[in-house]
Amino acid sequence: MLDETDLEITSQLAKPHLGRCGEVRTIAVLFCDIRDFTNLSQHLSPYDLMFVLNRYFFHMADVIERNGGHVQKFIGAAIMAVFGMDDSPDVPLHAIKAAMEMLDAADRMRPYMKAMYDRDFGVGVGLHYGAAVIGTLSGGREEILTAIGETVNVASRIESANKEAGTRLLISEALYRQVENQVEVSDFIRVRLRGTKERMSLYEVIRLTPDAEARLSAQDSRETIRFAGRQWTRLAGEDEIGDGERRVFELDAVDLVVLRKGERYFACDNYCPHMHLPFFEKRDPAETGVIRSPTGREIPRDSRLMDDLGLVCRWHETCFDLQTGEARNWAPRLQADGTSKGWEFMGDISKNRAPIKPLPCLVKDGVLWVALG
């Protein structure tokens, strides 16, 4: 006999989305975890560890969502994501594309981690494809949409198998059979996953085929136009970046920062050409404060936009001209040996005076465009 709690839990009235009863769907489940996280956590202060995790989660969640996935939970240093909750096309392929882009995002964090904390950084990713129960769980007022079932458990164990296999990305045979003519693999292994009785084949994917890449790019690519002899890529509405503000865009070819001063927009690669570290963090620009170099030097969280259209690098305080890209005032605080204080292990940077490369911006019909070529 149903009591009031049963009626509340099972009622599907006025629920526009998946309810607490759940439903079975075929989905792709992804797990990603930081390698050697225990060692990393022992060498970082709690503040620095939280900062690194937030940076890592931010970039990974962005990749997942751009590929049609849903972040389900953060478990320590691990991320669980699900693809296929909304009946989107090419779910298996989008999940694999997200996994490979997550590896790329982790690789982009490596020089940052080396410079900031003198630590290497890497992740492993595992993917499985199969049936799971999708529904909402609640222990109070907040409801959480999640996936439950053996497919989830197997995906987690596949991610762990990377450690023994010495790989970074493994997918199950069930997922491979969905995409076998659309991906390239370097190898496969036969393993008995923890908690299972039978051996299963796992495949190490290295890339999508050119045809698969082209098809997904056609689905996901930003709009482009031909104007005044240039190819322009659409970025955002012209009012999405306020006066004196900036915004970071992750494009296929470059991580781009766009800065606005009055009615003018300026764009360049978001990485300092000397330290190979980001000018700006990809996060809410309202967040302020400092971070610390491995030797304790305080570093602003963002580089500075000057009233005279100069960009002051937060790493070595060189001021670049946003219009020409040239350095107006080269690294005023370099030490006698050419190193930047607090970053001595990066070596002598005094001889590398490469400019930044400004990219043309265009406002047309209320839309901001950039010419990448």
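**Exercise 1.** Which side chains meet aspartate 255 or arginine 108 in a salt bridge? Place this pair in the chain and give its accessibility.

*Solution.* The model is a predicted one, in which local features need pLDDT of at least 70 and side-chain atom pairs count only at pLDDT 80 or more, while totals for chains, interfaces and linings use all residues. Residues are numbered from 1 along each chain as its sequence is written, and side-chain values use heavy atoms, with hydrogens and water left out.

Step 1. A salt bridge is a side-chain nitrogen of Lys or Arg within 4 Å of a carboxyl oxygen of Asp or Glu; aspartate 255 and arginine 108 meet in one at 3.6 Å, N to O.
Step 2. This pair links distant parts of the chain, with aspartate 255 in strand 12 (residues 255-261) and arginine 108 in helix 4, 147 residues apart; helices (H or I, at least four residues) and strands (E, at least two) are DSSP runs numbered from the N terminus.
Step 3. Buried means under 20% relative accessible area, exposed over 50%, and partly exposed in between (1.4 Å probe, protein chains only); aspartate 255, at 10%, is therefore buried, and arginine 108, at 32%, is partly exposed.
Step 4. Both residues belong to a network of salt bridges that also links Asp62, Arg66, Lys97, Glu101 and Glu250.

**Exercise 2.** Describe the surroundings of valine 205.

*Solution.* Step 1. Valine 205 is located in strand 8 (residues 200-208), and its relative accessible area of 5% makes it buried.
Step 2. Leaving aside neighbours within four places in sequence, valine 205 is in contact (heavy atoms within 4.5 Å) with Ile96, Met100, Leu169, Ile171, Val183, Glu184 and Val185.
Step 3. For valine 183, the separation from valine 205 is 22 residues in sequence and 6.8 Å in space, C-alpha to C-alpha.

**Exercise 3.** Compare the settings of two residues with positive phi, aspartate 36 and alanine 331.

*Solution.* Step 1. Most residues other than glycine have a negative phi.
Step 2. Aspartate 36 has a positive phi of about 55 degrees and lies in the loop between strand 1 (23-34) and helix 2 (37-43), where it is exposed at a relative accessible area of 52%.
Step 3. Alanine 331, with phi near 30 degrees, lies in the loop between strand 19 (327-329) and strand 20 (361-364), but counts as buried at 6% relative accessibility.
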